[in-house]
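I opened my notebook for a fresh look at this one. Here is the structure I had on screen while writing.

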Amino acid sequence: MNEFAIALVEWLLKVIHAYLIGGLIFSVPFVIFGIHRVDPNVQGWSILFRIIIMPGLLIFWPLFAVRLVRGKTAPTERTAHRVAAQAAPQPAPQGGGS
Amino acid sequence: MSVSYKSIQWNRQKIIYDLLLVATIALYLYLFVWSTQWFGGADVERGLRAIWIRAYGSAAFILLHVILSIGPLTRLSPKFYPLLFNRRHMGVVMFLLGVQHARGTLAWYHDFGNLDPIVSLLTGNLNFGFIPFPFELLGIGGLLILGLMAITSHDFWLHNLTAPVWKALHMCVYLAYSLLVGHVFLGALQTNKHPFLTIAVGIGLVWIVGVHFWAARKEAGCDRQTFLINTEGFADIGSISEIPENRAKVVTLAGERIAVFKYDGKISAISNVCQHQNGPLGEGKILDGCITCPWHGYQYRPEDGASPPPFTEKVPTFAVRLQGDRIFLSATPNLPGTPVEPAVIA
Amino acid sequence: MTTNNPQPQDEFYVNYLPMPRSWSAFLLKFLPLLIAGVLIFAYILPTVHDQYNKGGFSKRTDYLGYLVANPVPHLIVPRPGNTEAGADYSYYLLAAGNKAGPPKKVMEQAGNWVTLTGLPIARNNLTLLAAFKAETAEAPEGFDLDLKGKSLGEFTVEGEIVDPKCYNGVMKPGRTKTHRGCAIRCISGGIPPTLVSHNAQGDTIYFVLSDLEDQAVNDRVLNIVGDPLRITGEVVQFGDTFVLKADPETYEVI
């Protein structure tokens, strides 16, 4: 048996475990108290919804921790047209057909 | 998504879809185990746990082929769209089959030994040559990707990760597929050298690659067009008569596709990319006065690219002018949700 | 604005609206074909899987035998009755109930006659006992204990190292690549590594592996378990069982 590989894998598993525990400690209060601030679309208190997003929160919790601290919500996607529209001088709402 | 999230937005077709999916898989697993016992009799009666590992693994692998085929098939014929809208549930079910396969393997092959089963799984075979390669690692890699996809499959994630990031994450299904082909090729196919298995996996691979190329070739035509932009910043993109009523012509301008819709004697243009899951709006249709995405039915008003209240999705709009039968389209997008007077067909 | 579809042939579908008739007609044909196509695999795949053999375990039994620790833990059990035709004893490999060699308490009695309680796990003529306990016993009368075996000379054999517990038992096929992880676990735990070889006639022959100093090779073969190997060494026969003595350094991966 490769003792080094075993030690490395055992250590890695501990790190992953700690990360997930951290996620659990953050996520449980977050889905109850904080989620409305980060995503205004979350309305009401559906428990099943919270359970469904829980596994993802255990992975992506730092993203929401940062947004919660900065008081931000989800950004809008960036597509080529959206970026170009941002860059372009915007005319007043204009008519076509002319 | 702009009204409150639901755990799952059930409707009749989704229920039928899920019932068919679950029933087929249950039947597959049952038949697999039954068939093994039928052929094996006493030889396999005590090894049922291994049979279940094979049943779950093969079911997941076959389902993955179905899942990966749906996308390109809808490019080839819209009649496959009814299979697409709930593909996420298929993906989650496929992931769960993979989990059962992995759990069974972990307990059956790696437990009751002198190491923690997961450590044993990860360190047992460290020969990284081609054929002896630890195929288990490829399976774990594929399963982790499918897991990430499954746990982010709710619209909450689509919104919070944004559609492009979410899509990029979910495009990793192709990486997962290649890892799993490797997993099967270096695993099951090394133990079972029956030509049927090798040929079946090979045909599966050729089919998946082939149907994607086929669909991509069909798509490529659209993106290859180039348009001359006149001094006013408008491009002649074609004639009114090309566009069927309530439908769109899709052209590529300003680095992305634009959907140019004809409806009620008017022409409007919006960015082709649905804000929900980046579906192709140009393959949608005007229903109840709104452009309706063919993927999940998200709707946008053609005049301003905004979803009707209470929804808040907005996509960029484009100015349109008509000269006789020709349609001239601005090459500069307006900010998402900017009202644009539709061009009226004389 | 219009709410009606002015072109009835212009079919469009979103999941919260009824499906166009021609689409549902298409799906009614396509889906049964797809589902049938998937189900065919459930029927065929098991038949092409290498998972049928007569290996397996029977009932827990008490064995009177002589317990030997080297090169691998084994029990020499005199065969009752007239044995003139064949060997007068059996050579049973030993393991524990899990993926490990026999319990310490059992092996402490190596070099003694014992009554060993074990679960026999057999495939073809290879038997391994999952040993649970052993108590010192009287030597049977009139049995000539042979610990040297009979040297058959030097041979080169090709085959694959398996752990005889899973290979003999319920893990079908219990060999080759997919079983490698499990076999590594078992062999590292102390289950005697055994070479499975096939002769030109397709008969299966087993060789218990030993190094030149009559010691177990477990820790030295972990990286080549399940690989096709070529081993040259002295074959020593104990009853019906062959022990292949060679330095693990000289094992060749084919």
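These entries follow chain B from its overall layout to its domains, a sheet and its contact with chain C.

**Entry 1: the chain as a whole.** I began by reminding myself that this is a predicted model. I then looked up the secondary structure of chain B and found eleven helices and eleven strands. The C-alpha trace of chain B spans about 80 × 40 × 35 Å along its principal axes. Chain B has 346 residues, and 46% of them count as buried. I also checked the contacts in chain B with a separation of 6 or more: 57% of them come from residues 24 or more positions apart.

**Entry 2: two domains.** Where do the domains of chain B run? The assignment gives domain 1 as 12-222 and domain 2 as 234-344. I looked up their C-alpha centres next, and in chain B these lie 38 Å apart for domain 1 and domain 2. The contact between them takes eight residues from domain 1 of chain B and nine residues from domain 2 of chain B. On the domain 1 side, the elements giving two or more residues are α3 and α8 (163-171) of chain B. I noted that α8(B) gives the most there, with three residues. By class, this domain 1 side has seven nonpolar residues, no polar ones and one charged.

**Entry 3: a sheet.** I turned to an open sheet of three strands in chain B, with the order β1-β10-β9 and antiparallel pairing. Why is one side of β1 and of β9 left without a neighbour? In chain B, β1 (234-239) and β9 (320-323) stand at the edges with a single partner strand each, so one side of each has no neighbour in the sheet. Neighbouring strands of this sheet are turned by 30° against each other on average, direction ignored. I followed one pairing further: β9(B) and β10 (residues 326-330) of chain B are joined over four bridges in the antiparallel sense. V320(B) stands opposite L329(B) in β10(B).

**Entry 4: meeting chain C.** How many residues does each chain give to the contact between chains B and C? I found 56 residues from chain B and 53 residues from chain C. Several helices of chain B give two or more residues to this side, including α1 (12-40), α2 (48-76), α4 (87-110) and α11 (195-224). With eleven residues, α1(B) gives the most. I wrote down the classes too: the side of chain B that touches chain C has 22 nonpolar, 23 polar and eleven charged residues.

Conventions: Residues are numbered from 1 along each chain as its sequence is written. Chains are lettered from A and ligands numbered from 1 in the order in which they are written. This is a predicted model: local features need pLDDT of at least 70, side-chain atom pairs count only at pLDDT 80 or more; totals for chains, interfaces and linings use all residues. Two residues are in contact if their C-beta atoms, placed from the backbone, lie within 7 Å. Ala, Val, Leu, Ile, Met, Phe, Trp, Tyr, Cys and Pro count as nonpolar, Asp, Glu, Lys and Arg as charged, and the others, Gly among them, as polar. A residue is buried if 20 or more other C-beta atoms lie within 10 Å of its own, exposed if 12 or fewer, and partly exposed in between; C-beta atoms are placed from the backbone. Two strands pair if DSSP finds at least two bridges between them. Axes are lines fitted to C-alpha atoms, for helices over the stretch in contact, and angles run from 0 to 180 degrees between N-to-C directions. Domain bounds come from an automatic or database domain assignment.
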